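Reader: I am in my first year and would like to learn how to read a model like this one. Could you take me through it step by step?

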Amino acid sequence: MTTPDSPEPVADASATSGKPERRIGVYICHCGGNISDYVDVEAVREALKDEPGVVVSESPVFACSDGTQHDMIDDIRGRNLDGLVVASCSPKLHQVTFRNVAKRADLNQYAYTQVNVREQDSWAHPHDRSGATEKAIGLVRAGVAKTRLSDPLEPLVVQTVPRALVVGGGITGLRAAIGLADVGIQAVVVERAATLGGWVGTFGATFPDDASGAEEVAGLVEEIRKRRDITTYTGAELTGKSGSFGNYTVELTLHRDGSDKVLSLEVGSIIVATGFDAYSPDDGEFGYGIDGVVTLPEFKAMVDAAPSGGLTWRGRQVRSIAYVYCVGSRQEAGGNEYCSKYCCTATIHASLQVGTVDPSIRQYHLYRDIRAYGRNELLYNASREAGSTYVKFADDQPPSVAALPTGGLAVTVTDLLTESRELTIGVDLVVLVTGMVPRDPSRLVEVLKLPVGSDGFFNEIHPKLRPVETVVDGVMIAGCCQSPRTVGESVSAGLAAVAQSAALLKKGFAELEPLVARVNPEKCTGSGECLSSCPYDAITSIEWEGRSIASVDPATCKGCGGCVPVCGRDAIDLLGYTDAQMRAAIEEMVATERPKEPVA
Amino acid sequence: MSGAAGPGDSSPRILVFSTINISDPGIDLAGSRHLEYPATVQTMAVPCSSGLKPSWLVHALDSGFDGVFVASDGEECAYLPDCAERTAHIISQAQAIMAERGIPAQRLKMAALCSVCAEPFANYMREFSAALTRLDESASVA
């Protein structure tokens, strides 16, 4: 666990003037011909070789090749380099590669700068060789300028606790807990409800394999009972978190017999798997409130409980059903614009279940688009072959539902597939195919500082490349608390969070990026403007030389820099993006050929 | 469609501030798909557009860039839920400084750019470049 650094003055541009000149190696990659076919790499190398601080300027065919990496290490050691600039592809590809080169050569890895002259230059300007070359020179000069002003930094090393908290005892959280125990990490599951299992624990047969959700959950609970390294708390909530990444202290409130008990424990990571709420239609929305109009979860419970030989609604035999799809999903701007993804297949699957209960029941599916993707398409085919009728309506012409004076319901819809004729279908039951909505995130946002998207679901760092991590180090999200998804997809995310927890906790320590905000105590006047700008509470007020100043906890700071422009005294710098570095880089970028004249 | 500038081209110089996790991958993707835009567009990535100082945006214009484009995270920002509002505030502050110095507000643009927004980025750059060219032409006529 780290503690805030004692405040140090931040170097500014003028402060570098007394330092010995840097010794920087610059490597401009041909990338086979990916760069050199469109950029005059030799001209770039020539332009850089006399830049202040540059003592090596090379143009390898492949900078990332083993041979070139060895050459770089030899140069760093042999020519005593204290800075490295590699101009090649996007940093997303090889930043780790070249940081490792620096480390192997005993060069501070934060004295290395990656310059992207492939995706953001040669590949974008294949018909403008001189323009792309001039651009590359500016970009590499900017990289050299940033390196010239770089400070040696070390990753923040934090000790980690081999225990994870799983928030949510649904199928995703339960499976994740077993996964954690399997890799030797203790798991603590906290579930707000009185029983484990969540939504899936209430389901009978589920798609795609007809397995009973309740039985699957019961199997997981049984497995958990056998494990000494998994603890579960029901009727309990996560109500507090303190400490830093790797060694959080969490506070669990256990609701017991009308009184609350508070439990504290140390955990290294937290997996949030709090699931979703079902969309609840407004009164009158597609006839909701009329006798015989039900939501998908209500219908699913009815079908799961139906005895063989008949489906009944309030004692009456159901002979016909209309399903109205996309209720509460794919709404207009301002509503739930997303597709809830699971509900087409869940409805089709339930309608197949109805067919096994009573094959004579007539079923009409009123849909905008059927999104039974992947293998679920086979269920859609089976449903049609079993006799279900599908009627497509336009987005702007939704069906209407009314009660008939003679009993039963009338659903009126304009069928796009039969010359847009208006049909009125008499049915006994209308199922509103309701989607998912996010659970109220306010409590977890308050405790964990988790970011929430505009749709109300929790946000991961990157939807494809870092799909379960959040910006809060060591806190993962998994399942329907991220976005609507199926059971299988939710469990996959839970296991991804297990793998991520193992990667963080199994070493016993973790390294954090040191590119965090730092306060210059000389400049800080203690105005407090920055304190409220950080949603992660990384900035506090401390006493320094008899006055109050701001201080940033490097282990809590996320490195966004959001506090930097808030300070009216320019007293905060983001390391790696300091004021001096940014200004110098800007000046170098534009300092090719055209004069530095202010525009007007 | 080619957005390339010709040799010896005098297209406006544009500095794009991108964000490491969201808009910079979108700009990478534009290159990977060979969606051409003027080579006088240069990009500088930062963790989050809410961390940009207004003075940096103005410094770019003072230093010789003809336009500055902030490719913000918008609603997708993983750090700050109010990132769009914060970035808009930074733009307003920069425009106030620009107004004091007689720099037209049109030289500073902001748009949210997602991690796969390759086509929108190339289009933004072509349009912004053309707008800056018109601005310079009208200034020279005046």
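**Helix H4 of chain B and its surroundings**

Author: In this predicted model, the buried residues of helix H4 of chain B are covered by elements that include strand E1 (14-19), helix H1 (23-32), strand E2 (41-46), strand E3 (67-72) and strand E4 (108-112) of chain B.

Reader: Which residues of H4(B) are buried?

Author: A residue counts as buried if 20 or more other C-beta atoms lie within 10 Å of its own. In H4(B), that holds for Ala118(B), Phe121(B), Ala122(B), Tyr124(B), Met125(B), Phe128(B), Ser129(B) and Leu132(B).

Reader: How far apart are the end C-alpha atoms of helix H4 of chain B?

Author: The helix has 24 residues, 118-141, and at 1.5 Å a residue these should span 34 Å. The model agrees with this expectation, because the end C-alpha atoms are apart by 35 Å.

Reader: In the open sheet E9-E10-E11 of chain A, which strands stand at the edges?

Author: The sheet has 3 strands with antiparallel pairing, in the order E9-E10-E11. Two of them have a single partner strand each, so one side of each is left without a neighbour in the sheet, and these are strand E9 (236-244) and strand E11 (259-267) of chain A.

Reader: What is the bridge partner of Glu251(A) in E11(A)?

Author: Strand E10 of chain A, residues 247-256, pairs with E11(A) in the antiparallel sense over 9 bridges. For Glu251(A), the bridge partner in E11(A) is Ser264(A).

Methods. Residues are numbered from 1 along each chain as its sequence is written. Chains are lettered from A and ligands numbered from 1 in the order in which they are written. This is a predicted model: local features need pLDDT of at least 70, side-chain atom pairs count only at pLDDT 80 or more; totals for chains, interfaces and linings use all residues. Helices (H or I, at least four residues) and strands (E, at least two) are DSSP runs, numbered from the N terminus. The expected span of a helix is 1.5 Å times one less than its number of residues. A residue is buried if 20 or more other C-beta atoms lie within 10 Å of its own, exposed if 12 or fewer, and partly exposed in between; C-beta atoms are placed from the backbone. Two residues are in contact if their C-beta atoms, placed from the backbone, lie within 7 Å. Two strands pair if DSSP finds at least two bridges between them.
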